[in-house]
Amino acid sequence: MAKRALLVGCSYPGTKCELHGCANDVKRMRTTLVERFGFDESDILVMLDTDPSTPQPTGANIRSSLKKLINSVEPGDVLVFHYSGHGTQVPPESGAPGESDTEEAIVPTDMNLLTDDDVRELVNQIPAGVTFTFLSDSCHSGGMIDNEKEQIGGGGGTTVAGVQPPRQISKNIPVDLLTQILSQRTGQNVQVGNIRTTIFDMFGDQASPSVKMFVNLALQQLQQQGGGQGGWLGTVSSLASQFLQTKLDDQSPEDATNYVAAAEQAGIPGRKTHVASDVSILVSGCQTDETSADANPTHSPANSYGAFSNAIQTVLAQNPSPMRNRELVLAVRKVLAQQGFKQHPCLYCSDDKVDAPFICE
């Protein structure tokens with residue numbers, strides 16, 4: 001049985017959305033995987049934007065590392081993906097055809113978003129018999145692999161009366177802050193209605209497959225409708241448009257054209273199709289409509305932590321015996337309530353995984 005893990009911490013140093021506990025979350029999880037779950041240090045990849053000695057957690061690096069993590073797996077293998085950083089929700093593009101859904105996304109350090117569709121596209125390639133546990137300590141993380149059944153969701157439990165949580169920052173980048181950051185980095189006036197096209201202009205072929213798929217589909221539809229370079233398409237640079245046109249015949253696995261074809265076959269414009277996976281376990285830091293906390297109790301980065309990640313460590317320390325997924329999530333909820341946090345971690349997985357051992361105990 002191979003055991004491999006990808007641990008990602010995004011702190012966004014020097015920005016308006018800087019966090020302080022993400023690196024600590026990752027380092028503690030690495031120790032836990034080695035000492036409690038028997039992972040070999042060489043099989044754990046750590047990515048921190050506060051540590052230049054590690055690969056940087058850019059959107060392209062996270063996607064390629066996650067893809068590498070799930071490649072060449074065999075039945076019985078155990079995979080863990082732990083993300084501590086910001087989450088966001090991307091609204092529909094203004095005036096763009098075929099886009100009506102808000103997407104959840106995690107936010108890499110370079111703002112090259114990794115959407116729920118991107119995560120599911122990779123996760124659904126994992127073969128049966130492999131256990132993949134995704135621990136997402138971020139906001140809006142409840143739908144990152146939402147083809148799985150919600151086993152523990154909704155509210156549940158109340159905070160202890162009189163207990164005030166530590167000083168904290170929400171691990172959420174609201175859309176207005178996201179547009180500000182993108183505007184600063186591009187020198188353009190980025191609005192809510194052109195986030196995806198801006199990301200595509202910034203990163204080109206390194207943009208996420210879902211972003212490329214969306215822009216590609218919109219370009220095709222506008223061309224079919226006789227649209228020119230004005231209107232919505234005018235928000236895409238001529239260079240980006242030329243790039244898209246050169247990709248229309250590309251049949252590589254991650255090419256946006258393949259995603260367009262899949263969406264069109266399913267009659268769902270602008271969205272990819274997915275086959276529900278029975279190997280994935282998502283433990284989210286909060287409900288989809290809640291925020292996860294980055295706590296800084298002593299006003300010192302050295303003592304900061306993600307509330308969800310810290311609660312997992314607390315529960316595992318209190319329970320040296322093996323734990324089950326349901327048992328762990330309920331215990332984590334209790335710890336957070338006792339500490340005054342108003343977030344409710346959720347469990348998403350198939351029925352047979354609810355009481356399966358947490359990770360691999």
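**Close-up 1. Helices α4 and α5 cross at roughly 30° in this predicted model.** Helix α4 covers residues 175-186, and helix α5 covers residues 195-203. Their axes come within 11 Å of each other. An angle under 35 degrees counts as roughly parallel, and α4 and α5 are therefore roughly parallel to each other. If you follow the turn from one helix to the other, the crossing of α4 and α5 is left-handed.

**Close-up 2. Here are the residues where α4 and α5 meet.** On the α4 side, look for Val 175, Leu 178, Thr 179, Leu 182, Arg 185 and Thr 186. Their partners in α5 are Ile 195, Thr 198, Ile 199 and Met 202. Taken together, the residues of this contact divide into 6 nonpolar, 3 polar and 1 charged.

**Close-up 3. Cys 10 is in no disulfide.** A disulfide is a covalent bond between the sulfur atoms of two cysteines. Searching the whole structure for such bonds turns up 0 disulfides. For Cys 10, the nearest cysteine sulfur belongs to Cys 22 and is 7.3 Å away. A disulfide calls for sulfur atoms within 2.5 Å. Is Cys 10 buried or exposed? Its relative accessibility is 0%, so Cys 10 counts as buried.

**Close-up 4. Cys 22 is in no disulfide.** Now take the view from Cys 22: its nearest cysteine sulfur is that of Cys 10, 7.3 Å away. Cys 22 has a relative accessibility of 0% and therefore counts as buried.

Definitions and conventions:
Residues are numbered from 1 along each chain as its sequence is written. This is a predicted model: local features need pLDDT of at least 70, side-chain atom pairs count only at pLDDT 80 or more; totals for chains, interfaces and linings use all residues. Side-chain values use heavy atoms; hydrogens and water are left out. Axes are lines fitted to C-alpha atoms, for helices over the stretch in contact, and angles run from 0 to 180 degrees between N-to-C directions. Helices (H or I, at least four residues) and strands (E, at least two) are DSSP runs, numbered from the N terminus. Angles under 35 degrees count as roughly parallel, over 145 as roughly antiparallel, 65 to 115 as roughly perpendicular and the rest as oblique. A crossing is left-handed if the near helix is turned anticlockwise from the far one by less than a right angle, and right-handed if clockwise. Contact means heavy atoms within 4.5 Å. Ala, Val, Leu, Ile, Met, Phe, Trp, Tyr, Cys and Pro count as nonpolar, Asp, Glu, Lys and Arg as charged, and the others, Gly among them, as polar. Buried means under 20% relative accessible area, exposed over 50%, partly exposed in between (1.4 Å probe, protein chains only).
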